[in-house]
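Here is a short set of questions and answers on aromatic packing and nonpolar cores. Look at the model before reading on.

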Amino acid sequence: MKGLIKPIGEYSETDISAMFGLMSEFYDNMDEAVFRRDFADKDYCLALYEAEKIVGFTTQKLLTINVENKEIHGIFSGDTIIHKDHWGDIELFRVWAKFWFEYAEKYDEFYWFLICKGYKTYRIMPLFWSEYYPNFRTPTPEYEQKIIRTYASSLYPEDYNPETGVIEYRHTKDKLRAGVADADTSKMKNKDVAFFCRANPGHAEGNDLACLAKIDRACLRPRAPEILF
């Protein structure tokens with residue numbers, strides 16, 4: 001497999017249709033018009049290829065917010081999926097990390113803004129980061145909490161609940177199909193999975209937990225750089 005990140009405008013209609021088909025295979029309530037609108041709103045897309053077939057992708061939007069009279073820059077991850085045949089392979093995230101960690105070097109602070117409706121996405125953070133929020137180990141510091149609230153409120157002003165930290169959609173929303181990423185009893189033994197399910201009790205209905213990780217090598221776990229770079 002090979003991962004490739006390109007500006008959103010460089011993807012063909014065939015590519016976009018393939019991505020929608022892949023999402024529809026693993027998500028309920030998919031609407032192609034909504035998918036295409038959201039896709040066009042992003043700045044980059046990282047696609048994962050196997051023999052020229054797209055088997056995974058993640059869309060990315062550059063985002064700038066103002067917190068404490070300071071501009072905060074980051075990248076927001078939109079639709080993301082990897083075909084189940086390739087679960088466990090880190091090629092997509094390795095390419096993502098190499099691109100964005102280099103990109104982040106031009107800023108004093110650069111963050112990964114992400115929303116998680118499944119524990120698999122959430123677990124990327126504890127897998128590679130030593131500092132990320134929210135988590136079960138430590139309360140979210142006030143500064144990072146302000147960043148989370150500001151970015152989530154700017155993207156989802158009608159649905160974000162600042163009290164819970166969850167984007168609680170008021171309309172029908174795409175959600176993972178049953179059996180794709182169910183947090184069964186065995187999965188709940190993992191403290192990160194258990195925390196995610198407590199923090200986002202409506203995840204099975206498509207609700208998203210607003211999360212934050214600083215794109216800075218100093219915030220990674222000790223062995224993460226040798227895996228990612």
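Q: Which residues have the most contacts inside the largest nonpolar core?
A: This is a predicted model: local features need pLDDT of at least 70, side-chain atom pairs count only at pLDDT 80 or more, and totals for chains, interfaces and linings use all residues. Residues are numbered from 1 along each chain as its sequence is written, and side-chain values use heavy atoms, with hydrogens and water left out. A nonpolar core is a set of buried Ala, Val, Leu, Ile, Met, Phe, Trp, Tyr and Cys residues joined through side-chain atoms within 4.5 Å; buried means under 20% relative accessible area, exposed over 50%, partly exposed in between (1.4 Å probe, protein chains only). The largest core has 39 residues, and those with the most contacts inside it are Trp96, Trp100, Trp112, Tyr122, Trp129 and Ile215.

Q: Which element gives the largest share of this core?
A: Helices (H or I, at least four residues) and strands (E, at least two) are DSSP runs, numbered from the N terminus. Elements giving two or more residues include S3, H3, strand S6 (110-116) and helix H7 (191-199). The largest share is eight residues, and it comes from H3.

Q: How many residues does the other core have?
A: This core lies apart from the largest one. Among its members are Ile65, Phe76, Tyr151 and Tyr160. Its count is 20 residues.

Q: Why is the pair of Tyr44 and Trp100 edge-to-face or stacked?
A: Rings of Phe, Tyr and Trp (its six-membered ring) pair if their centres lie within 6.5 Å; planes under 30 degrees apart count as stacked, over 60 as edge-to-face and the rest as tilted. The whole structure holds 26 aromatic pairs. For Tyr44 and Trp100 the centres are 5.5 Å apart and the planes at 85°, so the pair is edge-to-face.

Q: How many residues apart in sequence are the parts that Tyr44 and Trp100 tie together?
A: Both Tyr44 and Trp100 are buried. Tyr44 lies in strand S3 (residues 44-50) and Trp100 in helix H3 (residues 91-103), so the parts tied together are apart in sequence by 56 residues.

Q: Is Phe229 buried or partly exposed?
A: The rings of Phe229 and Phe101 have centres 5.3 Å apart and planes at 70°, so they pair edge-to-face. Phe101 is buried, at 5% relative accessibility. Phe229 has a relative accessible area of 35%, so this residue is partly exposed.

Q: Which residue lies over the face of Phe229?
A: A charge sits over a ring if NZ of Lys or CZ of Arg is within 6 Å of the ring centre and within 35 degrees of the ring normal. Here the distance from the ring centre is 4.0 Å, and the residue is Arg217.
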